[in-house]
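Biologist: Could you zoom in on a single spot for me? I'd like the charged side chains there first, then how the rest of the chain is arranged around them.

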Amino acid sequence: THASEMSRSPLISIPAVLSFIFTSIVAQTKLPEKPNIIIIFGDDVGYGDINIYGHPTTSTPNIDRMAREGLRMLQFYSTAPVCSPSRASLLTGRLPPRTGTYAVPSSR
């Protein structure tokens, strides 16, 4: 039995060595950085109100640069036609009735 144990020991060490090599390679691999996500949530801003989308007189150089260098999302849906419930939905991930916000609060 001692001879059979000696012949198996190299087979046991091969997976251990391969595991060590794989772990070393994975540990040295640089993981990608998390993406920067910027959400611009403007009240009463239409598609054509920003210079990069064709407005003839509005100057929005910083937004234009972000749009040129980043990802432009051209189709979207809002959960409500007014700002308070749609902002609450964006922050919570819930529909406006579930946030308890149905309209813009009155200033009265």
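Which side chain of opposite charge is nearest to Asp 64, and how many Å away is it?

Modeller: Sure, with the usual caveat that this is a predicted model. The nearest one is Arg 68, and it sits 5.1 Å from Asp 64. A salt bridge needs the side-chain nitrogen within 4 Å of a carboxyl oxygen, so that distance misses the cut-off. Asp 64 therefore ends up buried without a salt bridge. It belongs to helix H2, which covers residues 61–69. If you skip everything within four places in sequence, the residues touching Asp 64 are Ile 50, Asn 51 and Ile 52.

Now, the same helix does have a charged pair. In general, side chains of opposite charge can pair when their charged atoms come close. Here Glu 69 and Arg 65 make a salt bridge, with 3.1 Å between the closest N and O atoms. That is the whole inventory, by the way: the structure holds 1 salt bridge. The spacing fits the helix too, because Glu 69 and Arg 65 are 4 residues apart in H2, about one helical turn. As a rule, an α-helix has 3.6 residues a turn, so residues three or four places apart point the same way. On accessibility, Glu 69 is exposed at 59%, while Arg 65 is partly exposed at 48%.

Let's step back to the chain as a whole. There are 4 helices and 0 strands, giving the pattern α-α-α-α along the sequence. Of its 108 residues, 10% count as buried. The accessible surface comes to about 9900 Å², and carbon and sulfur atoms own 61% of that. Among the contacts with a separation of 6 or more, 19% link residues 24 or more positions apart.

Where else do you find buried residues? Helix H3, residues 83–92, has Ser 84, Pro 85, Ser 86, Ala 88 and Ser 89. Part of what covers them is H4. Ser 86 is a nice one to click on: its relative accessibility is 6%, which means it counts as buried. Its side chain reaches the backbone oxygen of Val 82 at 2.9 Å. Again leaving out neighbours within four places, Ser 86 is in contact with Phe 41, Ser 78, Thr 79 and Ala 80. Just after H3 comes Gly 93, which takes a positive phi of about 80 degrees.

Phe 41 turns up a second time, on the outside. Together with Ile 37, Ile 39 and Leu 90, Phe 41 makes a nonpolar surface patch of about 410 Å². Within that group, Ile 39 sits in the loop between helix H1 (2–28) and H2. At 57% relative accessibility, Ile 39 counts as exposed.

Last stop, Arg 98, found in helix H4, which runs over residues 96–99. Arg 98 is exposed, at 62% relative accessibility. Measuring C-alpha to C-alpha, Arg 98 and Ala 88 are 9.6 Å apart in space and 10 residues apart in sequence. To come back to your question: Asp 64 is buried with no salt bridge, whereas Glu 69 and Arg 65 form one.

Methods:
Residues numbered from 1 in each chain as written. Predicted model: local features only at pLDDT ≥ 70, side-chain atom pairs only at ≥ 80, totals over all residues. Heavy atoms only, no water. Helix = DSSP H or I, 4+ residues; strand = E, 2+ residues; numbered from the N terminus. Buried < 20%, exposed > 50% of the residue type's maximum accessible area, 1.4 Å probe, protein only. Lys, Arg positive; Asp, Glu negative; His and termini not counted. Contact = heavy atoms within 4.5 Å. Patch = residues over 30% accessible without salt bridge, like charges linked within 9 Å, V, L, I, M, F, W, Y side chains within 5 Å. Areas by Shrake-Rupley, 256 points an atom, 1.4 Å probe, with all protein chains shown as cover. Polar contact = N/O pair within 3.5 Å; in protein donor to acceptor, adjacent residues only side chain to side chain.
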